[in-house]
Amino acid sequence: MKAGYYVGDYTYEVRDIPENEPVEDQVKIRVAWCGLCGTDVHKFQGKNGASVVVPPIILGHECSGIVTAVGPECKYFKPGDRVACDPSYGCGKCSWCQQGFPNFCIERHGVAKGFSEYVYPPEQNVYPIADSLDLETAAFTEPLSCAIHGLDLIQIQSGKTVVMYGMGAIGSLMLQLIKYSGAGEIIVVEREAEKRELALKLGASLAVTDQEIEALSKELNIDYVVECIGLKQTMEQAIKIAGKNGKVLLFGLGDPEEPVSFNQFEAYTKELSIYTSFLNPHTSERAVKLLESGLLDTKSIISAELSLEEIGSELRALEYSRKGKVMVYLSKEH
Ligand SMILES: [Zn+2]
Ligand SMILES: [Zn+2]
């Protein structure tokens, strides 16, 4: 079977590797679609994603597909089931898992590396999806589950003012979640005019540039700021513009070489809370339910549908982050 590898040194390769049969409680899934994530681009650039990267590694972790076989200990799935995967494995036994934090599991590793014709996650990482949900949309389960976890942390109160940075794929999902959380005014900060249009279409009350938000922050008290870009400059501005009693969620994945700094005194006078969010503990099921509800517009976020082979040039195009979601098709089933 074919699989798309990051082999080190800015090089991506599609390799032919042996296809396995599922053992123990593994579910063998014929991958239909897999989203290309910002962390895949990070890995390709030699930086770490949620885990340390040691190439060669198969990229991709946002996949959906159809079950073709199950291991002998598997209880809940059978061939033909339509499913989405959570790629983050928690052992269920270590101290962190016992405390309810599988995202900090000491044995955590990626299962369901989706740039691959087949994946074999253990069944605890597999989620059934309704027949009404198409498999391409179901591949949004993982990024959406991460966004849900982030918003769970800050608990947006109805009627409050929220500023959200960045209309990439994650920001576009986040914006819609913020809208359904009952926020009052939602202001999106985005440099590209085309993306500001998309923000208005997906529920923002206002879409502005980073210069404009500085001025606005002097006129209104911004209760929540959600940063979905991960750039030093925008993360620092996010902290600066937050109002009194403000909560700032730094959701975008930052560069470890570029630490953020902020004025502690200013933050103190506002009694600011700063949050970060790591992975997607216990939120995959909710992500599936939300996708099944049809409430979210994922179609408007997709910028390209590419084959496993075409991803190489996409990874090299550093302007990637300016686009929406790139979906990689494997079996291409719906
Ligand atoms: Zn991802
Ligand atoms: Zn564990």
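The following paragraphs go through the zinc site and the charged side-chain pairs of this structure, which is a predicted model.

A convenient place to begin is the zinc ion (ligand 1), whose protein donors are C37 through SG, H61 through NE2 and E62 through OE, lying 2.2 to 2.5 Å from the ion. Along the chain these donors follow the spacing C-x23-H-E. C37 is found in the loop between β3 (27-36) and α1 (38-44), while H61 belongs to the loop between β4 (57-58) and β5, so this pair ties together parts that are 24 residues apart in sequence. Both C37 and H61 are buried.

The donor E62 leads on to the charged pairs, since E62 also forms a salt bridge with K325, in which the closest N and O atoms are 2.8 Å apart. Because K325 lies in strand β18 (residues 325-329) and E62 in strand β5 (residues 62-70), the pair ties together parts of the chain that are 263 residues apart in sequence. Both partners, K325 and E62, are buried. As general background, side chains of opposite charge can pair when their charged atoms come close.

A search of the whole structure finds 14 salt bridges, and some others deserve a closer look. One of them joins D210 to R191, with the closest N and O atoms 3.0 Å apart. Here D210 lies in helix α7 (residues 210-219) and R191 in the loop between β12 (186-189) and α6 (193-201), so the two residues tie together parts that are 19 residues apart in sequence. As for their surroundings, D210 has a relative accessible area of 10% and is therefore buried, the cut-off for that class being under 20%, whereas R191, with a relative accessible area of 48%, is partly exposed.

The salt bridge between K232 and E236, whose closest N and O atoms are 2.8 Å apart, is set within a single helix. Both residues lie in helix α8 (residues 232-241), four residues apart, which is about one turn of the helix. K232 has a relative accessible area of 29% and so counts as partly exposed, and E236, at 22% relative accessibility, is likewise placed in the partly exposed class.

Finally, salt bridges can also be followed through a group of residues, as with E19, E21 and K28, which are linked in a network of salt bridges. To return to the starting point, E62 is named both among the protein donors of the zinc ion (ligand 1) and as the salt-bridge partner of K325.

Note on methods: Residues are numbered from 1 along each chain as its sequence is written. Chains are lettered from A and ligands numbered from 1 in the order in which they are written. This is a predicted model: local features need pLDDT of at least 70, side-chain atom pairs count only at pLDDT 80 or more; totals for chains, interfaces and linings use all residues. Side-chain values use heavy atoms; hydrogens and water are left out. A salt bridge is a side-chain nitrogen of Lys or Arg within 4 Å of a carboxyl oxygen of Asp or Glu. Buried means under 20% relative accessible area, exposed over 50%, partly exposed in between (1.4 Å probe, protein chains only). Donors are N, O and S atoms within 2.8 Å of the metal (3.2 Å for Na, K and Ca); water is not among the atoms, so sites may look incomplete.
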